[in-house]
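Please consider the structure shown below. The paragraphs that follow lead through its contacts, its strands and its backbone.

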Amino acid sequence: MSNIQIKKGCIYYYGNPAGYVKEQNAVVDTMFQREELKEWLTEKNLSATWTDGVFERLSRGEKLAELNGEIKPLKKSEFGS
C-alpha cells in the first residue's frame, strides 16, 4: 500500500491531508514539500502548487467538504411578514 494516496480529490501523505487535486493541478501544503511527494505527483502527471495553510484548511474540513460535494448553498431565510 502506498504512503501517498488520492481519495475523493484529497491527497493524503502518510495519512495526513496534504493537499487536493483540481483538474491537473495539485495544491499541496508547503510542509509536505518532499522529494518523495514531488516524484509521486510527477508520476501522476500532476503539476504542483505549493501553498501555506492547505493542511490546516483540510484538517478543519473546509476543502474536503467541497471536494466531496458536501457544500450546500446557504438559503436566505426570510423572517416576518
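**A buried aspartate and its surroundings**

The side chain of Asp 29 reaches the backbone nitrogen of Gly 53 at 3.3 Å. A second backbone nitrogen, that of Val 54, lies 3.0 Å from a polar atom of the Asp 29 side chain. A polar contact is a pair of N or O atoms within 3.5 Å; within protein, one must be able to donate a hydrogen and the other to accept it, and residues adjacent in sequence count only if both atoms are side-chain atoms. This is a predicted model, in which local features need pLDDT of at least 70 and side-chain atom pairs count only at pLDDT 80 or more, while totals for chains, interfaces and linings use all residues. Residues are numbered from 1 along each chain as its sequence is written, and side-chain values use heavy atoms, with hydrogens and water left out.

Asp 29 belongs to strand β4; helices (H or I, at least four residues) and strands (E, at least two) are DSSP runs, numbered from the N terminus. Which side chain of opposite charge is nearest to Asp 29? It is that of Arg 57, 6.9 Å away, and Asp 29 has no salt bridge although it is buried. Here Lys and Arg count as positive and Asp and Glu as negative, without His and the chain ends; a salt bridge is a side-chain nitrogen of Lys or Arg within 4 Å of a carboxyl oxygen of Asp or Glu. Buried means under 20% relative accessible area, exposed over 50%, and partly exposed in between (1.4 Å probe, protein chains only).

Strand β4 (residues 25-29) pairs with β3 in the antiparallel sense over four bridges, and Val 21 has Ala 26 as its bridge partner in β4. Two strands pair if DSSP finds at least two bridges between them. On its other pairing, β3 is joined by four bridges to strand β2 (residues 10-13), again antiparallel; Pro 17 in β3 is the bridge partner of Tyr 12. Strand β3 (residues 16-22) is mostly covered, with five of its seven residues buried. In a regular strand the side chains alternate between the two faces of the sheet.

Each of these pairings involves a turn. The hairpin of β3 and β4 has two residues between the strands, and Glu 23 takes a positive phi near 60° there. The hairpin of β2 and β3 also has two residues between its strands, with Tyr 14 in the turn at a positive phi of about 50°. Tyr 14 counts as partly exposed because its relative accessible area is 44%. Lys 8, in the loop between β1 (4-7) and β2, likewise has a positive phi of about 50° without being a glycine. Lys 8 counts as exposed because its relative accessibility is 65%. Most residues other than glycine have a negative phi.

The aromatic residues complete the picture. Three aromatic pairs are found in the whole structure. One of them, Tyr 13 with Phe 32, is edge-to-face, at 5.8 Å centre to centre and 70° between the planes. This pair links distant parts of the chain, 19 residues apart: Tyr 13 in strand β2 and Phe 32 in the loop between β4 and α1 (35-43). Rings of Phe, Tyr and Trp (its six-membered ring) pair if their centres lie within 6.5 Å; planes under 30 degrees apart count as stacked, over 60 as edge-to-face and the rest as tilted. Tyr 13 and Phe 32 are both buried, and they form one aromatic cluster with Tyr 14 and Phe 55.
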